[in-house]
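The following paragraphs lead through the structure shown below, beginning at one residue on the surface and then widening to the chain as a whole.

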Amino acid sequence: MSKVMPDDFNFVPKTWILPTDYTVLQNYAKDMKLKRKSKTFIVKPSNGAQGHGISLFKNAEKIPSAEHFVVQEYIDKPLLLDGYKFDLRIYVLITSCDPLRIFLFSDGLVRLATEKYLPPHETNVNHLFMHLTNYSVNKQSQFYDKNVGHDTGSKRSIRFFNEYLRRSDIDGGLLWRNISDMIVHTLLVAQPHVLHAYRMCRPGVPSGSDSVCFEILGFDIMIDRKLRPWLLEINRSPSFGTDEDLDFEIKSALLEDTIRLLNIKVSDKRRNMAAQKAQAQKRLFKSNKKVDMQDFTELDKKKMDSEKRKEELNELLQRIRRISTKEDFERRHCGQFRKIFPSDVPARQERYCNILTKTFSLFLAGRGASMQKEIQVTYNNKYKEEDILDMLAECETDEKELKLYPIGKSLRGPKPLQSMPESVPHQVDNDELYDSESSGPNTPLGRARSTSRSESHSDRNRHRSSSRPGSVNAPGTSSNSNAHRPLSHSPLASSKGHHVSRSMTRTNSTNKLATLHRSNLKENSLTKEKESELISKTLSALNEMRIKFPGKSDSEAELMLDQLIVNWKFHKPGVASYWLVKLDSIKRRKIIDIVKSNVRAMLQRIYQTTDIEDLPVYRTFNRVFNRLLWSHGQGLWNCFSSSEQSWETIFSKSTENIAENEFNCCRRIVQLCKDCLLIVYKFADEARNQSTISVSQASPEALHQKLELRPLATSSTGFIEVRDLKPTLNYTPLGQKYTRPYQYPSFGTS
């Protein structure tokens, strides 16, 4: 691995294994002589232990060529402690190898030599008490000092070493991060061989099952004057002798925390043997006959793909739940251990996964490609339990569509749109409104703002909200426009209320809509009262947000939305064609991101933190945004319909309860996304009509102008703001069949 990834595996001194590498060693020594660099070599018997048979050589030619030795380049500039050379004995616990989990013990031993250190020379290479730090060697010295505390003697604790680093103004955090990386890199190299042997001993057992083995390793590490750690050797059976009180204190705590962390359970040997036998028989009698896919219809193939997808998702869901339970137990019982793999830092964990993938490709070339997916799922899985539940719900919806349309053609739209005419192909699509990142001086997309409304304006908002398809109201909330849109009494909205009642009834039956109990807020655990107060502030801020049409006043924008809802039967096919057909996934996400980015900024302001990824309320909002984009935009379109599933079903299968205000926040976010879509659609429609009028006067260069969209900006007042768009001149109407638009009042520009 040092040849494949030299920058990541440069922590081991140059090593040669004799007699195989004897010629390589001699050539290296000759090169150093030509460069006038004096090198010292430390020679260890390949089957030795406890420092027996170790010797130093200044001249490599004197090293025996026929013996089985391990030769390393001697580190001649080590970091000294009170003038003595020392090394660290660090204890590492591996609780599982499938999947790999590594823990670092916070305490350990600092082993000092018993003679003051001098650089190696022909006159002192035989002074082993000066150059070796092994306890078994130095305890024979007359200068060996038995410790009476943590900070004296020839054997001290790592706690003393950390205090020494602090007093010397040395960055101990950086040093220990480098040591942790070195330990993880070393064990990742061994993982392919260990995993292969482990699975050979447990055939048929699924990956991620309870581990049946563990290992405590002793890493011997030396630090040079530049504070660079070097790995000397790894002891798979480190000594647990307690010759001194310090040994007993450290090693007893190590064993006690190990037993507690392993969570050893009583198992039934007969039952385990029977399960392994059943798995072996299942593999033995499994049919290997390949199925001829030509005998299946298109519908059968889609059903098989859906079943396979659901099986994979269910397996992934069970794995995530097992890992979550295990991590929760480890956090509560880790003691003095600290988990170093898998890492909690995403960037570092990504780097570890890349190393592991290259390791499998190098040592198990035949399984490198197949293991790559397993590594990503096991060690770098970015999905949470809520995401898997959403994807399972999407699979169920797809299955329902397959049953409704047995010919295998799954229509992307609700039932009322089955007779919608196809859109006429255009030279330039409307979705080019989002093709670039900058815009001209007249660009829309919305600005959420808070305004003081008059009573007449509130009445107009109330009328529009009650007539808007799919709009609903949370129980117990006020019906004024500043709170949120009241409960719709239209047939469309009343039928949709079934989904609301099902979700709210479930919440009432479990916890009476009590405040959601969260415990995963990063470094800032909020009380119930504080969290409820912040969610209330979030709801108030969301209710104050409005989507602004560029070039129009607030009242004009509201009136324009009212006109869209009043004439919804006429506009419904056009909006559906624009959202579901014309816009691709990237353009749909950009529309949702208008609301999402401003909601994110609002949460940062309310919670007074820039890192909101771990906030429970943000994770809930993120699930809603993802739901609106699912199934090629069908999630948001269902919010306009009455006969399809709505976004509220994402909470029906979740194990968490959600507070009333948090649920109302989600409703308000959905309403903002609906308004944003209608604003964008109306702007595109007006731009297309304008270009139809002036297209005869446009030059050829103007016909090929590209649409520019300026980046989203937030004004100083905290409103959602979207710049004006610069439309092209060659838009054509959506369909010549629908050329009977209703007349809008003439508006002036604001």
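In this predicted model, V4 is found in the segment before strand 1, which spans residues 15–17. V4 has a relative accessible area of 48%, and because exposed is reserved for values over 50% and buried for those under 20%, V4 counts as partly exposed. On the surface, V4 joins L362 and F363 in a nonpolar patch, and the accessible area of these residues together comes to about 250 Å².

A patch of another kind, one of negative charge, is formed on the surface by E307, E311, E312 and E315. Of its members, E311 can be placed in helix 8, the helix that runs over residues 298–333. With a relative accessible area of 55%, E311 lies above the cut-off of 50% and is therefore classed as exposed.

Turning from these patches to the chain as a whole, one finds 20 helices and 13 strands. The chain has 750 residues, of which 48% count as buried. Its exposed surface amounts to about 38,900 Å², and carbon and sulfur atoms supply 52% of that area. As for how the chain contacts itself, among contacts with a separation of 6 or more, 75% are accounted for by residues 24 or more positions apart.

Seen against this background, the two patches described above offer local views of the surface: V4, L362 and F363 make up the nonpolar one, while E307, E311, E312 and E315 gather in the one of negative charge.

Note on methods:
Residues numbered from 1 in each chain as written. Predicted model: local features only at pLDDT ≥ 70, side-chain atom pairs only at ≥ 80, totals over all residues. Heavy atoms only, no water. Patch = residues over 30% accessible without salt bridge, like charges linked within 9 Å, V, L, I, M, F, W, Y side chains within 5 Å. Areas by Shrake-Rupley, 256 points an atom, 1.4 Å probe, with all protein chains shown as cover. Salt bridge = Lys/Arg side-chain N within 4 Å of Asp/Glu carboxyl O. Lys, Arg positive; Asp, Glu negative; His and termini not counted. Charge placed at Lys NZ, Arg CZ, Asp CG, Glu CD. Helix = DSSP H or I, 4+ residues; strand = E, 2+ residues; numbered from the N terminus. Buried < 20%, exposed > 50% of the residue type's maximum accessible area, 1.4 Å probe, protein only. Contact = heavy atoms within 4.5 Å.
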